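Student: I'd like to learn how to read the way helices pack together. Could we work through an example?

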Amino acid sequence: MTLRKPSIWFWIITVLALLWNLMGVGAFIADMMMTPETLAEVYPANEVEFLKTYPSWTKIFYGLATVGGFLGCMGLIFRKRWALGMFVLSLFGVVIQQAHAIFMTDSIAVFGNATAIYFPIAILVIAVLMILFTKSSIAKRYVA
């Protein structure tokens, strides 16, 4: 199959998505490096206590969400179809991680609506939009 030259919008969206996902990977790495002492320096006491009780399995899904999104963007940059699978993996990680945070914890009481609801919804929407964008790019033959 012959690839078509992508529009400028393909590259703008892909680069913006890459920057977004790089921030996510950076946050994930920073989170993995946090010690209890570092947590106490960065967060208020109630948030530190909340974060100490977070199950470690949620970090796996956090990693899937961020690394999957980053790899999906790299796939788009190289115009590879496997980018779609990476974005689906990322969405899976987002859904599990955020469902746990919203429905199985008191995150709203601890962090407030902006951090506990609105930001996770924005992350979910972006993950879905990246899947739709990648499907559209495949249909337009920008990606093979």
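Student: How are α1 and α4 oriented to each other?

Tutor: A good start is the angle between the two axes, where an angle over 145 degrees counts as roughly antiparallel. In this predicted model, helix α1 (residues 8-33) packs with α4 at an angle of about 150°, and their axes are 8 Å apart. The two helices are therefore roughly antiparallel to each other.

Student: In which hand does α1 pass α4?

Tutor: The crossing of α1 with α4 is left-handed.

Student: And what kinds of residues make up that contact?

Tutor: Sort them into groups and you find 16 nonpolar, six polar and two charged residues where α1 meets α4.

Student: Now the next pair, please. At what angle do the axes of α4 and α5 cross?

Tutor: Helix α4 covers residues 57-77 and helix α5 covers residues 83-103; their axes cross at roughly 155° and come within 7 Å. That angle makes α4 roughly antiparallel to α5. The contact of α4 with α5 holds 15 nonpolar and nine polar residues, but no charged ones. As for the hand, α4 passes α5 in a left-handed crossing.

Student: How far apart are the end C-alpha atoms of α4?

Tutor: Here you can test a helix with simple arithmetic. At 1.5 Å a residue, the 21 residues of α4 should span 30 Å, and the end C-alpha atoms of α4 are 31 Å apart, which agrees.

Student: Which residues of α4 are buried?

Tutor: The general idea comes first: an α-helix has 3.6 residues a turn, so residues three or four places apart point the same way. Now look along α4 in the model: its buried residues include T58, F61, Y62, A65, T66, G69, C73 and L76. Other buried positions in α4 are G63, G68, G72 and G75.

Student: What do the buried residues of α4 pack against?

Tutor: They pack against α1, α5 and α7, the last of these being residues 113-139.

Student: What is the phi of R79, which follows α4?

Tutor: The phi of R79 is positive, near 60°.

Student: Let's step back. How many helices and strands does the protein have?

Tutor: Count seven helices and zero strands. The C-alpha atoms fill a box of roughly 55 × 25 × 25 Å along the principal axes. Of the 144 residues, 35% count as buried. Finally, take the contacts between residues at least 6 apart in sequence: 79% of them join residues at least 24 apart.

How values were computed. Residues are numbered from 1 along each chain as its sequence is written. This is a predicted model: local features need pLDDT of at least 70, side-chain atom pairs count only at pLDDT 80 or more; totals for chains, interfaces and linings use all residues. Side-chain values use heavy atoms; hydrogens and water are left out. Axes are lines fitted to C-alpha atoms, for helices over the stretch in contact, and angles run from 0 to 180 degrees between N-to-C directions. Helices (H or I, at least four residues) and strands (E, at least two) are DSSP runs, numbered from the N terminus. Angles under 35 degrees count as roughly parallel, over 145 as roughly antiparallel, 65 to 115 as roughly perpendicular and the rest as oblique. A crossing is left-handed if the near helix is turned anticlockwise from the far one by less than a right angle, and right-handed if clockwise. Ala, Val, Leu, Ile, Met, Phe, Trp, Tyr, Cys and Pro count as nonpolar, Asp, Glu, Lys and Arg as charged, and the others, Gly among them, as polar. The expected span of a helix is 1.5 Å times one less than its number of residues. Buried means under 20% relative accessible area, exposed over 50%, partly exposed in between (1.4 Å probe, protein chains only). Contact means heavy atoms within 4.5 Å.
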